[in-house]
Amino acid sequence: MKRVVFTFFGLMAVVSLFSQWTPEQTEWYSPVPQKVTPGSKPGAPPSDAIILFDGKNLDQWMSGKDEPAKWQVVNGEMRVVPGTGEIKTKAFFGDCQLHIEFKSPAPENYHGQNRGNSGIILQCTYEVQVLDADNNPTYVNGMVGSIYKQSAPLANAYTKNGEWQVYDIYWKAPVFGSKGLESPAMITVVLNGILVQNNFILKGNTPYIGLPEYRAHGRLPLMLQDHGTAVAFRNIWIRDL
Ligand code: MG
């Protein structure tokens, strides 16, 4: 046994003598990353972002039923008009970096899931919850910052009702092959600069009732939910990765 061990380490010593790595062997020069100019201030779109809403109109959006989007544009923000249904982008996306800001309406007498509920639904399928979390208890895997009914946020990063909340979302789309799911979706979510989802691997879609499941799809629109309250959105841009 002793002799075997000695022989092994002796052999390794000889190998390392003759296989010295150089720094250059682990460096590469292409492809060169594309030059992207950062936004003019924090939250402003970088040079390669697709502007989905800049406060002016809903030109990039349509209703979930492929009709003109019926939400309201006022004072540089777009607002859910309750009952008009969800809206979705005309463009389709896969992996992406998304910036979106939202503001909850006055709470009135609404509580829990009825207070300021909307949703950022990636690829029309996977919901990052939008909800008022200002003194508004609810199930934690359905609060703001959650992946709806799959993952509670790492922190409650919501500030106050009536203040703008800033989401930055980093999305790795699921990949499907001929035999079904090849790699699941993965998401990182930052709310108001605070990490609330850290590379969470999704179990599938985000249904209200029942367990998540995957169904094969390709690139799909980004969707915003109408859950019956007049949530406002502004400064929406996306980097198509
Ligand atoms: Mg929702």
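What spacing do the donors of the magnesium ion follow along the chain? In this predicted model, the pattern reads N-S-x8-E-x1-Q-x95-Q. Put residue names to those letters and the protein donors turn out to be N117 through OD1, S118 through its O atom, E127 through OE, Q129 through OE1 and Q225 through OE1. These atoms lie 2.2 to 2.3 Å from the magnesium ion. Two of the donor residues, E127 and Q129, are also buried.

N117 turns up again when attention moves to the loop between β14 (223–224) and β15 (232–240), where T229 has its place. A polar atom in the side chain of T229 lies 3.1 Å from the backbone oxygen of N117, while the OD1 atom of N117 is one of the donors of the magnesium ion. Neighbours within four places in sequence aside, T229 is in contact with V80, P82, P105, N114, G116 and N117. As for sequence versus space, T229 and A106 sit 123 residues apart along the chain, yet their C-alpha atoms are 9.7 Å apart. Is T229 buried or exposed? With a relative accessible area of 8%, T229 falls under the 20% cut-off, so T229 counts as buried.

V231 lies in that loop too, between β14 and β15. Its relative accessible area comes out at 0%, so V231 is buried as well. Once residues up to four places away in sequence are set aside, V231 touches M78, R79, V80, F102, K103, P105, G116, N117, S118 and V130. Two names in that set, N117 and S118, are familiar as donors of the magnesium ion. V80, P105, G116 and N117 are among the contacts of V231, and they appear among those of T229 too. Here again the chain brings distant positions together: V231 and R115 are 116 residues apart in sequence, with 9.5 Å between their C-alpha atoms.

Then there is the matter of empty space inside the protein. How many cavities of 30 Å³ or more does the structure hold? There is just one, and the volume of the largest cavity is about 40 Å³. Its lining is made up of F93, C96, L122, Q123, W171, L220, P221, L222 and I238. Sorted by character, the lining has eight nonpolar residues, one polar residue and no charged ones. The polar one is Q123, given how residue types are classed.

How values were computed. Residues are numbered from 1 along each chain as its sequence is written. This is a predicted model: local features need pLDDT of at least 70, side-chain atom pairs count only at pLDDT 80 or more; totals for chains, interfaces and linings use all residues. Side-chain values use heavy atoms; hydrogens and water are left out. Helices (H or I, at least four residues) and strands (E, at least two) are DSSP runs, numbered from the N terminus. Buried means under 20% relative accessible area, exposed over 50%, partly exposed in between (1.4 Å probe, protein chains only). Contact means heavy atoms within 4.5 Å. A polar contact is a pair of N or O atoms within 3.5 Å; within protein, one must be able to donate a hydrogen and the other to accept it, and residues adjacent in sequence count only if both atoms are side-chain atoms. Donors are N, O and S atoms within 2.8 Å of the metal (3.2 Å for Na, K and Ca); water is not among the atoms, so sites may look incomplete. On a 1 Å grid over the protein atoms alone, a cavity is a set of points where a 1.4 Å probe fits but cannot get out, and a pocket is an open set with protein on both sides within 12 Å along at least five of seven lines; lining residues have an atom within 4 Å of a point. Grid points are joined across faces, edges and corners, and a volume is the space filled by probe spheres set on the points.
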